[in-house]
Amino acid sequence: QVQLVESGGGLVQPGGSLRLSCAASGSIFRINVIGWYREAAGKERELVARIFEGTSPNYADSVKGRFTMSTDTAKNTAYLQMNSLKPEDTAVYYCNADVSLDRITHFDYWGQGTQVTVSS
């Protein structure tokens, strides 16, 4: 019904930048909230940044001032600009969205994830 596809991950040196994209497609009536999570090896998945419809993004303390989340509602796409990357940012980054299929029905969706590796 709805697919989330992430892109933009890769290998970057400490201090470098990457921009992740999450494109949502399918039977979308409204995206209620969309966010980025990450899961490092041996750790639990954690929230990185999230935007509720009509509000400003909120960020995990660990990325404040370095990461910026934005959305293009016309394209149903979310972005995560990551600057001043650190080795501890290394993780698989997942896009998550709560999507309304109509005025009543909504579901939670996850993308397949994209690997971000910060290493010299």
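Begin by selecting Asp72 and then what surrounds it: leaving aside its neighbours within four places in sequence, Asp72 is in contact with Thr77 and Tyr79. Keep in mind from the outset that this is a predicted model. Asp72 belongs to strand 7, and with a relative accessible area of 23% Asp72 counts as partly exposed, because only values under 20% are called buried. If you also select Ala23, you will find a residue 49 places away along the chain whose C-alpha atom is separated from that of Asp72 by 9.6 Å.

**The hairpin of strands 7 and 8**

Widen the selection to residues 67–72, which form strand 7, and residues 77–82, which form strand 8; these two strands pair in the antiparallel sense over six bridges. Within this pairing, Ser70 stands opposite Tyr79 of strand 8, and Tyr79 is also one of the residues in contact with Asp72.

Which residue of this hairpin takes a positive phi? Select Asn76, which is placed in the loop between strand 7 and strand 8; the hairpin has four residues between its strands, and the phi of Asn76 there is near 50°. Most residues other than glycine have a negative phi, and Asn76 has a positive value although it is a residue other than glycine. Its relative accessibility of 26% makes Asn76 partly exposed.

**The loop after strand 8**

Continue along the chain to Ser84, in the loop that lies between strand 8 and strand 9. Here again a residue other than glycine has a positive phi, with Ser84 near 50°. Is Ser84 buried, exposed or partly exposed? With a relative accessible area of 40%, Ser84 is partly exposed.

**Strand 9 and its partners**

Next select residues 91–100, which are strand 9. Nine of the 10 residues of this strand are buried, so strand 9 is largely enclosed by the rest of the structure. It is worth displaying its pairing partners one after another, and the following selections do this.

- Select residues 30–39, strand 4, which pairs with strand 9 in the antiparallel sense over nine bridges. To find one of the paired positions, look at Arg38, whose bridge partner in strand 9 is Tyr93.
- Select residues 106–110, strand 10, which runs antiparallel to strand 9 and is joined to it by five bridges. The connection between strand 9 and strand 10 is a hairpin that passes through five residues, and in the paired part Asp98 stands opposite Asp108 of strand 10.
- Select residues 114–118, strand 11, which pairs with strand 9 in the antiparallel sense over three bridges. Here Tyr93 has Thr114 as its bridge partner in strand 11, while Val92 stands opposite Gln115.

Tyr93 is a useful residue to keep highlighted, since on strand 4 it is the bridge partner of Arg38 and on strand 11 it is paired with Thr114.

**Strand 11 and its two faces**

Stay with strand 11 and show its side chains. In a regular strand the side chains alternate between the two faces of the sheet. Which residues of strand 11 point to one face and are buried? They are Thr114, Val116 and Val118, whereas Gln115 and Thr117 point to the other face and are not buried.

Now add residues 10–12, strand 2, which runs parallel to strand 11 and is joined to it by three bridges. In this pairing Val12 stands opposite Val118 of strand 11.

**Stepping back to the whole chain**

Finally, clear the selection and view the entire protein, which has 11 strands and zero helices. The C-alpha trace spans about 50 × 25 × 25 Å along its principal axes, and the radius of gyration is 14 Å, which agrees with the value near 14 Å that a compact globule of 120 residues would have. Colouring by burial will pick out the buried residues, which make up 40% of the 120, and the accessible surface comes to about 6500 Å², with 48% of it belonging to carbon and sulfur atoms. Among contacts between residues at least 6 apart in sequence, 54% join residues at least 24 apart. If you colour by charge instead, the mean positions of the 11 positive and 12 negative charges are 5 Å apart.

Key:
Residues numbered from 1 in each chain as written. Predicted model: local features only at pLDDT ≥ 70, side-chain atom pairs only at ≥ 80, totals over all residues. Heavy atoms only, no water. Rg over C-alpha atoms; globule rule 2.2 N^0.38 Å. Buried < 20%, exposed > 50% of the residue type's maximum accessible area, 1.4 Å probe, protein only. Contact = heavy atoms within 4.5 Å. Areas by Shrake-Rupley, 256 points an atom, 1.4 Å probe, with all protein chains shown as cover. Lys, Arg positive; Asp, Glu negative; His and termini not counted. Charge placed at Lys NZ, Arg CZ, Asp CG, Glu CD. Pairing = 2+ DSSP bridges.
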